[in-house]
Structure formats: C-alpha cells, structure tokens
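Q: Please take a close look at how the helices pack in this model, and follow that packing outward to the open and enclosed spaces and to the sheet.

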Amino acid sequence: MSQSLADSLPGKGGSGLKVWLKSSAYTRRLLLGEGGDPWLGAAPYLAYFSQAQGLLRPDVAVVEVGELFDSWLVRHPEVRAELGSKRRLSFPLRKLLEQDAPRQLLAEVVEAVIANLRGQTPLVLAMPSPKHWLHRANVLAGRSDIELDPDGIEDAAMYMADLLRSVSSSPVGGVLLEEHPDDAAMGETDLERYRPLINVARHYRWSLALRPQGTGVAESPVLAEFDAVLSPLVALPAPVSTGVDVSQFLWSGAALPALGKAQFYFVEIPETQRPEFVLESLARLRA
C-alpha cells in the first residue's frame, strides 16, 4: 500500500518530506543509455524504477504519466495520425487519453510500483498541466498557430480526470500537475479550469500538487485548494506546503536558502549531470 503524500507534507503536520526530486530524464539516461525507454511494459519499468529509487532514495516516488503516453505514441504512429482527424481543440488529447493500451500499462505500472514501495514512500502521479498537455497534443496532431481557450483547457482537465479514475482502485499517494516553461507564453493559467482534476483528487482523497511557471497563479484563490506548490517564486502559508525549487542554487554550488514553516526542497536533476556531483549535491541538500 502506498503512503499518502498528505502524511509527509509539512503543511499538514508531516515530517517525512524533506526533498522532492524530478529525476526521470537523468535516471533514464544514466541507467538505460541515450534514448532508453523504460515504458515497454510493467516489468521493465519496475526494474528501472527500483534501480532509480535505490540510487537516489527520494522522499517521493514519482511516475511520469506524460512520458508513458509519449513513449506509447512513438510506437503507435497510426494513433498519432488520427489525433488531428477532428478540428475541435480538445480532440487530440481526448483521442490520446482514451486509448486502452496505455491506460492498461499505467494501471499495471501503478500496481507494481505500489507493491515495490511497501508503504514506505508516497507514490505521486506526475502529469502535464491541462494547459500544457492540451497544447502538446495539438502539436503532435500536426497543428500550428494553436490558440488555447478556457473551455478547451477545462475539457483537457476533464479527460485527465477520467484517466485518473482508471487507477482509482490503487492507493495512489498524490497527483502533481506540471506546467512547462513555455506555458507562460500562452497566457496566465486560470486554475478554476482545472476544477475536474481538483474534484477527482478530493473525491479519492489524493493530495494534489502544482508546479506552476511564473507567479501569476499566486493571485488565484483556487491555489489554496492544492496541498502543495513547487516553485522558486511562489510560497503559500500552511496548510499548503511549498516545495522551494532550489535547482539553480544546488547545481551552481551556491548557498541554499533556509526553509520556512511548511516548506521542503524541490530539485530537478539535469539529464546530463555528473553522477558523482548529483550524489554529493543531494547529500548537501539533506544535511
């Protein structure tokens, strides 16, 4: 059984979460080689995952759902060809997320990972934000000059919520929505349009985290409905926990900022970072 992320968040009174790592690009290259793909099945993914966990010993176990679908789509070009078969903005993402095979793989991976974790570490499903996944699906469909609209973003959140329901029987610890650095160019994020995902997380009692780009979302009252925010710029008072993104500080060797109440460190490991330096830096972070 997976530990609940809420039990580890400092804003909720937990103490188990000190460092949250985003490491998939780094560990895939290190353990599988350039272009290595762990998503060929649940067994090869678990072998990769357990090796990565043993190497970095993170406080949060993260499964990158977007990477699963990216990998599957590369192996199924016939589905990619169908993504743009209807003109509606949200159709490419709907077509992608309704595919049975990657849904089944996700369910198998979640089950295998939870068994591997043995309740010692919370499992978080990391997903692109609805805005980013909507835009990316349209790019994959071969569209250009994509203009996102609020209704399309809400539709994307609805399709993503339906995907999460497919693993609702598993004791998932939490869900992370990640914006892409380029998302800021598409206008400010209206978090109210993420309501379908907020509702499904609350229904299943899953903690919900957001990794925004920029500071625009800090003014949204909806942000208080998230359990954690991962950012170098946005910090909220308890009970929301803040993952202070210290990636630039850590990899440049600069002094780390002190943590305040209800805060923990968040770090993204660069894909090509030297393994020795990664381990030394993580030791410094945990000291």
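A: **Helix packing and its surroundings**

In this predicted model, helices H3 and H7 pack with their axes 13 Å apart and at an angle of about 10 degrees. Since angles under 35 degrees count as roughly parallel, H3 and H7 are therefore roughly parallel to each other. On the H3 side the contact is made by Val65, Gly66, Phe69, Asp70 and Leu73, while H7 contributes Trp133, Arg136 and Leu140. Sorted by class, this contact of H3 with H7 has 5 nonpolar residues, 1 polar residue and 2 charged residues.

The two helices also take part in an open space. The largest pocket has a volume of about 660 Å³, and of the 27 residues that line this pocket, Lys22, Ser24, Glu64, Glu67 and Asp70 are the closest to its centre. Asp70 thus appears both in the contact of H3 with H7 and among the residues closest to the pocket centre. Helix H3 (65-74) and helix H7 (130-140) each give two or more residues to the pocket lining, as do H1 and E3. The lining of the largest pocket, taken by class, has 11 charged, 8 polar and 8 nonpolar residues.

An enclosed space can be described in the same terms. The count comes to 1 cavity of 30 Å³ or more, and about 230 Å³ of space lies in the largest cavity. This largest cavity is lined by 20 residues, of which Ser23, Ser24, Thr27, Tyr48 and Val62 are the closest to its centre. Two or more residues of the lining come from each of strand E1 (19-22), helix H1 (24-32), helix H2 (42-56) and strand E2 (61-64), and H2 gives the largest share, with 6 residues. By class, the cavity lining has 12 nonpolar, 4 polar and 4 charged residues. Ser24 is named among the residues closest to the centre of the largest cavity and also among those closest to the centre of the largest pocket.

The strands just mentioned belong to a wider arrangement, an open sheet of 8 strands in the order E1-E8-E7-E6-E5-E4-E3-E2, with parallel pairing. E1 and E2 stand at the edges with a single partner strand each, so one side of each is left without a neighbour in the sheet. Neighbouring strands of this sheet are turned against each other by 25 degrees on average, with direction ignored. Within the sheet, strand E5 (residues 207-211) pairs with strand E6 (residues 228-231) in the parallel sense over 2 bridges, and leucine 210 has valine 229 in E6 as its bridge partner. Helix H8 packs on the sheet, where H8 touches strand E3 (123-128) and strand E4 (174-178), and the direction of H8 makes about 155 degrees with that of E3.

Helix H8 leads back to helix packing. The axes of helix H8 (residues 150-165) and helix H9 (residues 195-203) come within 7 Å and cross at roughly 25 degrees, which makes H8 roughly parallel to H9. In this contact Glu154, Ala157, Met158, Met160, Ala161, Leu164 and Arg165 of H8 meet Pro196, Leu197 and Val200 of H9. By class, the contact of H8 with H9 has 8 nonpolar residues and 2 charged residues, with no polar ones.

How values were computed: Residues are numbered from 1 along each chain as its sequence is written. This is a predicted model: local features need pLDDT of at least 70, side-chain atom pairs count only at pLDDT 80 or more; totals for chains, interfaces and linings use all residues. Side-chain values use heavy atoms; hydrogens and water are left out. Axes are lines fitted to C-alpha atoms, for helices over the stretch in contact, and angles run from 0 to 180 degrees between N-to-C directions. Helices (H or I, at least four residues) and strands (E, at least two) are DSSP runs, numbered from the N terminus. Angles under 35 degrees count as roughly parallel, over 145 as roughly antiparallel, 65 to 115 as roughly perpendicular and the rest as oblique. Contact means heavy atoms within 4.5 Å. Ala, Val, Leu, Ile, Met, Phe, Trp, Tyr, Cys and Pro count as nonpolar, Asp, Glu, Lys and Arg as charged, and the others, Gly among them, as polar. On a 1 Å grid over the protein atoms alone, a cavity is a set of points where a 1.4 Å probe fits but cannot get out, and a pocket is an open set with protein on both sides within 12 Å along at least five of seven lines; lining residues have an atom within 4 Å of a point. Grid points are joined across faces, edges and corners, and a volume is the space filled by probe spheres set on the points. Two strands pair if DSSP finds at least two bridges between them.
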